[in-house]
Amino acid sequence: MFENSKCIAKLAPSILTADFANLGETFRMFERHPSVGYIHFDVMDGDFVPNISFGAPVVRSLAGGAKLPFDVHLMVTEPARFVEGYVTESTEFIVVHAEAAVHLDRTLRHIKSFGVKCGAALNPATPTEALDYVFDIVDQVLVMSVNPGFGGQSFIPACMDKIHRLAEIRSERGLDFKIAVDGGISRANALAVAEAGAEILIAGSAILNAADPEAELAAFDELLGGTGR
Ligand code: DX5
Ligand code: ZN
């Protein structure tokens, strides 16, 4: 996990709490920091989660000028209906919730059919067993460390056990899916989450609600041993 004492985990800042009137500036800020590896888009439909955020037009409008790859988190019911809209030249991952896709295997394969990496997200109460028959398909497993739908919540410590278990499964089965952890991530828990096996640390309010987001990102660079892209 820590090659030559350098952490290989990367930040994926969530734009959910960003100033939507200045997203270009926010993206330029992300791009200045080696600890940032992705931009995380929290798509919420007001049905699977009790909030509505933004849809495909927003993601597509941002794709052209982006230097960082997109990690699109679909918190939507029956996500297969919407996947194609989020396929852009910047989209690296499209992540759907195991709890929201009746036909999860088919939905994951549908994402891959566009040449995009697929991910499955697990709510805090959902066990890893929910993915037993799709671990060989997924490119990412997203562990929700808060209950989805809102930024600014506290990290649920019980999720650490799930991260460890996913890292064990990955090793036992010789798989290489990435482990992402989403919700309540800050500099106080980032290293512990990375050491448990996560490579993608999704943080929204810890960065964008900081008094000085640029300084916070610089502190993350220091903490994660920003090794450049
Ligand atoms: C919650 C989202 C998270 C959240 C992260 O449903 O999936 O990405 O926005 O925000 P913070 O870091 O504020 O918990
Ligand atoms: Zn998210």
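Tutor: In this predicted model, a pocket is an open set of grid points with protein on both sides within 12 Å along at least five of seven lines, and a molecule sits in a pocket if more than half of its atoms lie within 2 Å of its grid points.

Student: Which pocket does the space taken by ligand 1 form?

Tutor: The protein buries 99% of the 380 Å² that ligand 1 exposes when taken alone. Ranked among the pockets, the space taken by ligand 1 is the largest pocket.

Student: Which strand gives the most to the shell around ligand 1?

Tutor: The shell holds 20 residues, and by class these are eight nonpolar, ten polar and two charged residues. At least two residues each come from β4 (39-44), β5 (70-75) and β10 (200-203). The strand that gives the most, with three residues, is β4.

Student: At what distance does a polar side-chain atom of S205 lie from an oxygen atom of ligand 1?

Tutor: G149, G204 and S205 are among the closest residues to ligand 1. For G149 a backbone N or O atom lies 2.7 Å from a ligand oxygen atom, and for G204 a backbone N or O atom also lies 2.7 Å from a ligand oxygen atom. For S205 the polar atom belongs to the side chain, and its distance from an oxygen atom of ligand 1 is 2.5 Å.

Student: How many residues apart are F135 and F177, which form an aromatic pair?

Tutor: Eight aromatic pairs are found in the whole structure. F135 and F177 form a stacked one, with 5.5 Å centre to centre and 20 degrees between the planes, where planes under 30 degrees apart count as stacked. F135 lies in the loop between β7 (117-122) and β8 (140-144) and F177 in the loop between α4 (159-172) and β9 (178-182), so that the pair links distant parts of the chain, 42 residues apart.

How values were computed
Residues are numbered from 1 along each chain as its sequence is written. Chains are lettered from A and ligands numbered from 1 in the order in which they are written. This is a predicted model: local features need pLDDT of at least 70, side-chain atom pairs count only at pLDDT 80 or more; totals for chains, interfaces and linings use all residues. Side-chain values use heavy atoms; hydrogens and water are left out. A residue is near a molecule or strand if one of its heavy atoms lies within 4 Å of it. A polar contact is a pair of N or O atoms within 3.5 Å; within protein, one must be able to donate a hydrogen and the other to accept it, and residues adjacent in sequence count only if both atoms are side-chain atoms. Accessible areas come from the Shrake-Rupley method with a 1.4 Å probe; for residues, only the protein chains shown count as cover. On a 1 Å grid over the protein atoms alone, a cavity is a set of points where a 1.4 Å probe fits but cannot get out, and a pocket is an open set with protein on both sides within 12 Å along at least five of seven lines; lining residues have an atom within 4 Å of a point. Helices (H or I, at least four residues) and strands (E, at least two) are DSSP runs, numbered from the N terminus. Ala, Val, Leu, Ile, Met, Phe, Trp, Tyr, Cys and Pro count as nonpolar, Asp, Glu, Lys and Arg as charged, and the others, Gly among them, as polar. Rings of Phe, Tyr and Trp (its six-membered ring) pair if their centres lie within 6.5 Å; planes under 30 degrees apart count as stacked, over 60 as edge-to-face and the rest as tilted.
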